[in-house]
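Colleague: Before I use this complex for anything, could you walk me through it?

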There are 2 protein chains.
Amino acid sequence: MDCVIFGLEGDELKVLLIQHDEGPVEGQWALPGDYVRFDIDLEEMPSIVLKQLTGLENVFVELFDVLGKINRVTHQRVITAAYFALISTEKYELKKGLEARDIKWMDIHNIPKLIYDHNEIINRGYEALKLKLRREPVGVELLPRQFTLTQFQKMYETILDIKLDTRNFRKKILKEDILIDTNQKELNVPYRAPNLYTFNAEKYDTLKAKGYFLNIY
Amino acid sequence: MDCVIFGLEGDELKVLLIQHDEGPVEGQWALPGDYVRFDIDLEEMPSIVLKQLTGLENVFVELFDVLGKINRVTHQRVITAAYFALISTEKYELKKGLEARDIKWMDIHNIPKLIYDHNEIINRGYEALKLKLRREPVGVELLPRQFTLTQFQKMYETILDIKLDTRNFRKKILKEDILIDTNQKELNVPYRAPNLYTFNAEKYDTLKAKGYFLNIY
DNA sequence: GAGCATATTGTAAATTTTACATAAAGGTAT
DNA sequence: ATACCTTTATGTAAAATTTACAATATGCTC
């Protein structure tokens with residue numbers, strides 16, 4: 001089970017990678033992941049890895065691929081389920097773990113050579129994220145609980161690598177009514193303080209259940 | 001590896017199921033599938049199963065889920081990759097195979113109790129198909145090579161369980177220019193003979209590469 | 001050639017999307 | 001306190017798309 005953990009830092013989309021400290025891949029960088037224990041549901045594995053690595057629970061996680069070429073790993077036949085996770089830069093604390101020498105956020109556009117087919121997994125995970133984000137506002141999972149419309153727009157622009165018209169974007173988002181105006185302003189900014197919003201998850205879930213999509217092109 | 005094989009028969013979406021003839025699940029109905037052999041890429045398994053079962057090659061196949069609860073299969077821990085396949089009712093010939101007592105197309109809305117979590121797998125496969133079909137015209141894979149606009153529309157209506165306005169639907173499809181008019185008419189019909197079209201796969205692939213989607217609501 | 005069943009087509013209104021620029025707010029520097 | 005700087009916030013008109021809606025055309029059967 002491998003996990004492509006996405007995070008936003010400034011204007012960059014990052015992926016969390018770990019450097020192995022032992023075994024045949026010592027010193028090499030890789031995706032966080034683990035073998036599926038026989039006493040644990042596969043579906044629970046991502047949460048376990050996430051919790052260990054970041055201390056976070058209830059993280060947005062989704063399966064996007066399964067890779068099972070006979071020689072994708074050198075020493076034996078390994079099939080892996082690939083999940084992507086979206087975490088908010090707000091409040092995680094990285095925990096290196098015993099087998100990791102180092103752990104690092106790396107820019108999605110500047111990933112070093114990883115073990116096995118992990119570069120390919122990241123590419124596919126990124127494509128899966130982009131595909132999903134164009135239909136559903138899952139990117140809020142990458143933002144703090146309260147965020148500005150500018151942050152929200154930048155999130156789309158960063159991930160999808162597009163430019164959006166601010167006026168039209170705001171019109172569209174506010175009309176959909178899936179954001180809640182907190183009536184609070186961001187503090188300590190050296191210019192006009194922007195308004196803060198939270199994501200209206202209940203409203204969005206209701207709409208989604210009715211077949212609604214928030215398409216961004 | 002399990003495979004939800006979809007086919008259209010008349011106005012019904014069907015799933016291909018097999019009845020086991022031996023082992024602990026003798027007599028019970030199940031999804032076609034197989035254990036992943038150690039000398040074969042997981043990704044090739046669906047094609048192998050499809051070929052054995054229907055004689056068809058180059059079938060549309062896509063991964064939609066992985067199920068790995070520790071007790072999903074009674075006798076041992078089995079993780080399965082679930083694929084769905086779309087086959088044209090035109091030209092397959094079912095081959096029972098040695099381990100199958102019977103093989104049958106069953107209406108998606110009337111599936112009997114299957115082994116393990118196979119009913120759940122079918123439900124998820126159906127949801128994945130609907131989700132995909134609302135964005136991409138993958139349903140052509142279920143039609144004969146040449147098909148009428150009425151067939152094309154009915155395909156959407158059957159799978160998505162919706163009614164579409166014929167005039168608007170045709171306008172939209174023809175404008176998109178992803179169908180090729182063969183200038184042939186269907187033969188042996190006791191009424192006005194409808195025009196036949198083929199799917200313009202090259203054109204569609206080009207559009208898709210540019211980020212185009214054919215949304216149907 | 002009358003009748004029947006399905007195929008085929010257009011138009012106007014409503015909605016959505018697009019393109020585009022200026023004013024407002026709040027802090028900083030003098 | 002005022003001018004300045006940076007970012008936030010907002011409206012309108014044109015174009016494109018979507019929606020609602022029904023009559024005619026075609027080809028076979030009797």
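The exchange below goes through a predicted model, taking the DNA strands, the domains, the chain pairing and a few single residues in turn.

Colleague: Which element gives the most residues to the surface near DNA strand C?

Modeller: Altogether 19 residues surround DNA strand C, and the closest are A:N168, A:R192, B:R167, B:R170 and B:K171. The helices α4 (166-176) of chain A and α4 (166-176) of chain B each supply at least two residues of that surface. With five residues, the element that gives the most to the surface near DNA strand C is α4(B).

Colleague: Where on DNA strand C does the polar side-chain atom of B:T150 find its partner at 3.0 Å?

Modeller: Sugar and phosphate make up 41% of those atoms of DNA strand C that come within 4 Å of the protein. A polar side-chain atom of B:R170 lies 3.0 Å from a phosphate oxygen of DNA strand C, while for A:K171 a polar side-chain atom lies 3.0 Å from a base oxygen of that strand. For B:T150, the partner at 3.0 Å is a phosphate oxygen.

Colleague: How many charged residues does the surface near DNA strand C have?

Modeller: Divided by class, the surface near DNA strand C has six nonpolar and five polar residues. The charged residues there number eight.

Colleague: And for the other strand, which element gives the most to the surface near DNA strand D?

Modeller: There are 18 residues around DNA strand D, of which A:K171, A:R192, A:N195, B:N168 and B:R192 come nearest. Of the atoms of DNA strand D that come within 4 Å of the protein, sugar and phosphate account for 40%. Both α4 of chain A and α4 of chain B supply at least two residues of this surface, and the element that gives the most, with four residues, is α4(A).

Colleague: How far from a base nitrogen of DNA strand D is the polar side-chain atom of B:D165?

Modeller: It helps to set this pair beside two others on DNA strand D: a side-chain N or O atom of A:R170 is 3.0 Å from a phosphate oxygen, and a polar side-chain atom of A:K171 is 2.8 Å from a base oxygen. For B:D165, the polar side-chain atom and the base nitrogen of DNA strand D are separated by 3.4 Å.

Colleague: Which three residues supply 41% of the area that domain 1 of chain A buries against domain 2 of chain A?

Modeller: The domain assignment of chain A gives domain 1 as 2-133 and domain 2 as 138-209, and their centres, taken over C-alpha atoms, are 27 Å apart. In this pairing 17 residues of domain 1 of chain A are in contact with 13 residues of domain 2 of chain A. The two domains bury about 1,400 Å² between them, with 71% of it on carbon and sulfur atoms. The three residues that supply 41% of what domain 1 buries against domain 2, more than any other three, are A:L8, A:L86 and A:L133.

Colleague: How much area do chain B and chain A bury between them?

Modeller: In the pairing of the chains, 24 residues of chain B are in contact with 24 residues of chain A. Carbon and sulfur atoms carry 53% of the area buried between chain B and chain A, and the total is about 2,100 Å². Of the share that chain B buries against chain A, 23% comes from B:V66, B:R77 and B:R135, more than from any other three residues. The area asked for is therefore about 2,100 Å², summed over both parts.

Colleague: Is A:Q153 buried or exposed?

Modeller: A:Q153 sits in helix α3 (residues 149-160) of chain A. Beyond its neighbours within four places in sequence, A:Q153 is in contact with A:L164, A:D165, A:T166 and A:F169. Its relative accessibility is 6%, so with a cut-off of under 20% A:Q153 counts as buried.

Colleague: What is the phi of A:D161, and why is the sign worth a look?

Modeller: Most residues other than glycine have a negative phi, so a positive value deserves a look. A:D161 is placed in the loop between α3 and α4 of chain A, and A:D161 is exposed, with a relative accessible area of 63%. The phi of A:D161 is positive, near 55 degrees.

Colleague: Which class of exposure does A:D177 fall into?

Modeller: A:D177 is not a glycine, yet A:D177 has a positive phi of about 65 degrees. Its place is in the loop between α4 and β7 (179-185) of chain A. At 39% relative accessibility, A:D177 counts as partly exposed.

Definitions and conventions: Residues numbered from 1 in each chain as written. Chains lettered and ligands numbered in written order. Predicted model: local features only at pLDDT ≥ 70, side-chain atom pairs only at ≥ 80, totals over all residues. Heavy atoms only, no water. Near = heavy atom within 4 Å. Polar contact = N/O pair within 3.5 Å; in protein donor to acceptor, adjacent residues only side chain to side chain. Nonpolar A, V, L, I, M, F, W, Y, C, P; charged D, E, K, R; others polar. Buried < 20%, exposed > 50% of the residue type's maximum accessible area, 1.4 Å probe, protein only. Contact = heavy atoms within 4.5 Å. Domains from an automatic or database assignment. Buried area = accessible area lost by both parts, 1.4 Å probe.
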